[in-house]
Amino acid sequence: MEIGRRPIAWWPVGLIAAGAALLLLYTADGYGYHRDELYFRMLGEHPQWGYTDQPPFTPLLVRFGIELFGDDLWAIRVLPAVLLGLTAVVAAGIAREAGGGPIAQSLAATGIFGTFPLTAAHVAATAATDLLIWLGVLLFVVRALLWERPRAWLGAGVVAGLGLYNKHLVILLLVCLGAGLLIAGPRSVLRSRHLWGGVALAVLIGLPNLIYQVLNGFPQAEMAAAIAENKGTESRILLLPMQIVLLTLPPVWIAGVVTLVRDPRLRRLRSIAVAYPLMLVVVLVTAGQPYYPLGLLLGLFALGAVPTERWVAGRGGRQALLAGGVIVSSVAGVTMSLPVIPAKDVAGSFPAAANSTIPDQIGWRQYVWQVATVHADLDPVEQRKTVLFTGNYGEAGALDRFGPPLGLPEVYSGHNALYEFGPPPESKTIILAVLQAPPERANELIGGCVPKATLSNTLGVENEEVGARVYLCRRNEPWSTVWPRLQHYD
């Protein structure tokens, strides 16, 4: 039996994609900014070909949303919601390429209702765009391999090249797919001029960002090393368990792996199945984040929707089981990722304990008010000599967003790319520093520091900022000496 492409199931897939986007827009104003959104907002004010810790796409996407809709939270989250809807459509397209009908295409589209895809899109994370990029690459790869359309390799190269402006992780996908072709075949495609033309297009399109990395000493490699050092052990421990919870209905993507290995009709796609364990090994060895394989996992989910459709065909009980599984897992994904729990009930809740992005959206305005209270106690002469400094980019982003209406001065930080925007002027001899450090460490870093306040939020939500101290520091060394001590990556 040969595989044939079925018509595109526009109505069910379109409804799923639109439903996900509308759900994200409806909940966009819940809780508040995530720390990464506050950071991207700052980076977007300084457009560059790349930054110390990432390429420019997501910060510029945030900037674009603000330019279109205004400087508020909803504006930042509009475009990522649209991208997640597009991701659902591309996932359905992969299922269609593998012979999936309406049920398979619809099931593939529902993969975006997992906790991680929804979370990433809700807080405008770089992973939201990466999901679309990875699935776009896989769609063209499936076309090139299964339908022997060599020009599709050029499409994969274009998408991968564009993806380099969001995250360099797409290189991991390309390397693992290439290794999968060497191991499982068809090896003949490695001699295709179209495949290598796609590689050349990816390099050419992503060249400006790659040049930025070369000229600046590969700062993202340094960033990756810092992440591995800080979170490596935890990441390795969580890697395998996280593969089960990243998406809805793990049996579907497992079926995708099994089908690619066993079904002779999909023999030409076996390299995709082989790429997944290879990627796990690479992420384990390099101490990468457990979510790194998510894009490939969602592609396997889309491919697994095809045998799942055959499994439920003509079986009312199985169809009901599948529908129930989709509904229950999607509701769980929404509950674990979006602001559906009232803010007053977040403290101590299971979603807040399991998904750190939830508590990280609460308390920012209060933290800024607490810093502003310390600043207001300074006399006008001292205020003119004062600058703000923070230990992390979330604090800096919050002060940059909410501080000016309260009369707060400019904010600086040594965290990741924000280090490049300093040091402050030498005339700024008084520093209000927000640090998660004891007084002795604050004095080692800046000097002359006295604690004046401790950050807290009235909702009792535990997040990274609770317990951070606000120090009043009077600098006794030049910034040229102090500033290098304040740089850190994580």
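This passage describes salt bridges, internal cavities, a pocket, a surface patch and one loop residue in a predicted model.

Across the whole structure, a search returns 18 salt bridges, and several of these centre on charged residues that are remote from one another along the chain. Arg35 takes part in two of the pairs described here: one with Asp360, in which the closest N and O atoms are 3.3 Å apart, and one with Glu465, in which the N to O distance is 2.7 Å. In the pairing of Asp360 with Arg35, the acidic residue sits in the loop between helix H17 (350-354) and helix H18 (364-376) while the arginine belongs to helix H2 (residues 35-44), so that parts 325 residues apart in sequence are tied together. The second pairing joins Arg35 of helix H2 to Glu465 of the loop between E4 and E5, and therefore ties together parts that are 430 residues apart in sequence. Asp360 and Arg35 are both buried, and Glu465 is likewise buried.

A further salt bridge is formed between the side chains of Glu97 and Arg143, with an N to O distance of 3.0 Å; Glu97 lies in helix H4 (residues 73-97) and Arg143 in helix H7, so this pair links distant parts of the chain, 46 residues apart. The two partners are not equivalent in their surroundings, because Glu97 has a relative accessible area of 1% and is buried, whereas Arg143, with a relative accessible area of 27%, is partly exposed. In addition, Arg41, Glu45, Asp71, Asp400 and Arg401 are connected in a network of salt bridges.

The loop between strand E4 (449-454) and strand E5 (469-474), which carries Glu465, also contains Gly467. The relative accessibility of Gly467 is 42%, and the residue therefore counts as partly exposed. When residues up to four places away in sequence are set aside, Gly467 touches Thr454 and Leu455; its C-alpha atom is separated by 9.5 Å from that of Ala437, a residue 30 positions away along the chain.

With respect to enclosed space, the count comes to 2 cavities of 30 Å³ or more, and the largest cavity has a volume of about 90 Å³. Its lining includes the aromatic residues Phe116, Trp134, Tyr291 and Tyr292, together with Asp130 and Lys167 among others. Helix H7 (126-146) and helix H15 (294-312) each contribute at least two residues to the lining of the largest cavity, and the largest share, 4 residues, is that of H7.

Among the open sites, the second largest pocket has a volume of about 490 Å³. It is lined by 26 residues, of which Leu174, Val175, Gly178, Leu195 and Val199 are the closest to its centre. Two or more lining residues are given by each of H7, helix H8 (152-163), helix H9 (170-184), H10 and helix H14 (270-286), with H9 giving the most, at 9 residues.

Val199 also belongs to a nonpolar patch on the surface, in which it is joined by Trp196, Val203, Leu204, Leu207, Ile211 and Leu215, the members together having about 680 Å² of accessible area. Helix H10 (193-205) and helix H11 (207-215) are the elements that give two or more residues to this patch, the largest share, 4 residues, coming from H10. Ile211, which is found in helix H11, has a relative accessible area of 39% and is therefore partly exposed.

Note on methods. Residues numbered from 1 in each chain as written. Predicted model: local features only at pLDDT ≥ 70, side-chain atom pairs only at ≥ 80, totals over all residues. Heavy atoms only, no water. Buried < 20%, exposed > 50% of the residue type's maximum accessible area, 1.4 Å probe, protein only. Contact = heavy atoms within 4.5 Å. Patch = residues over 30% accessible without salt bridge, like charges linked within 9 Å, V, L, I, M, F, W, Y side chains within 5 Å. Areas by Shrake-Rupley, 256 points an atom, 1.4 Å probe, with all protein chains shown as cover. Salt bridge = Lys/Arg side-chain N within 4 Å of Asp/Glu carboxyl O. 1 Å grid on protein atoms, 1.4 Å probe; cavity = no way out; pocket = protein on both sides within 12 Å on 5 of 7 lines; lining within 4 Å. Points joined across faces, edges and corners; volume = space filled by probe spheres on them.
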